[in-house]
Amino acid sequence: MERKMPKDFYWGGSVSSFQTEGHRNEGGKGVCIYDVRPMNPEFSDWNDAIDEYTRYDEDIALMERYGV
């Protein structure tokens, strides 16, 4: 049996700032909870991420390319 999505189904995308943004001390950003709470050394921190802050134009181009 072949399964297909309905023609009126819309795909979307989402992100969270903690996962993507990075550059926490740039652009006039203020202190947030991730800057002051103790971090578990086994987990990622807020300082570096996938650099959405400076690469957003590339990400938008990719979304356009894939129809999101």
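Read along the sequence, the predicted model follows the pattern α-α-α. Three helices are present, with zero strands. Of the contacts with a separation of 6 or more, 67% join residues that lie 24 or more positions apart. Burial is a different matter: buried residues make up 4% of the 68 residues in the protein. The accessible surface comes to about 6400 Å², and carbon and sulfur atoms account for 52% of that area.

Helix α3 offers a good place to look at the details. This helix covers residues 52-65 and bends by about 35 degrees at Glu 58. Glu 58 also takes part in a salt bridge, with Arg 55 as its partner and the closest N and O atoms 3.0 Å apart. In general terms, side chains of opposite charge can pair when their charged atoms come close. The spacing of this pair is easy to follow along the helix: Glu 58 and Arg 55 are three residues apart in α3, so about one helical turn separates them. An α-helix has 3.6 residues a turn, and therefore residues three or four places apart point the same way. Both partners keep some contact with the surroundings, as Glu 58 is partly exposed at a relative accessible area of 39%, and Arg 55 is partly exposed at 38%. Beyond the end of the helix, α3 is followed by Gly 67, which has a positive phi, near 75 degrees.

The structure holds two salt bridges, and the other one involves residues early in the chain. Here the side chains of Glu 2 and Lys 4 meet, with an N to O distance of 3.7 Å. Glu 2 counts as exposed because its relative accessibility is 63%, where the cut-off for that class is over 50%. Lys 4 is likewise classed as exposed, with a relative accessibility of 67%.

Attention can now turn to the nonpolar part of the surface. Tyr 56, Ile 60, Leu 62, Met 63, Tyr 66 and Val 68 form a nonpolar patch there, and together these residues have about 610 Å² of accessible area. One of the patch members, Ile 60, is found in helix α3. At 39% relative accessibility, Ile 60 counts as partly exposed, since that class lies between the limits of 20% and 50%. Helix α3 thus brings together several of the features described: the bend at Glu 58, the salt bridge between Glu 58 and Arg 55, and Ile 60 of the nonpolar patch.

Conventions: Residues numbered from 1 in each chain as written. Predicted model: local features only at pLDDT ≥ 70, side-chain atom pairs only at ≥ 80, totals over all residues. Heavy atoms only, no water. Patch = residues over 30% accessible without salt bridge, like charges linked within 9 Å, V, L, I, M, F, W, Y side chains within 5 Å. Areas by Shrake-Rupley, 256 points an atom, 1.4 Å probe, with all protein chains shown as cover. Salt bridge = Lys/Arg side-chain N within 4 Å of Asp/Glu carboxyl O. Helix = DSSP H or I, 4+ residues; strand = E, 2+ residues; numbered from the N terminus. Buried < 20%, exposed > 50% of the residue type's maximum accessible area, 1.4 Å probe, protein only. Bend = angle between axes of the 7 residues up to and from the residue. Contact = heavy atoms within 4.5 Å.
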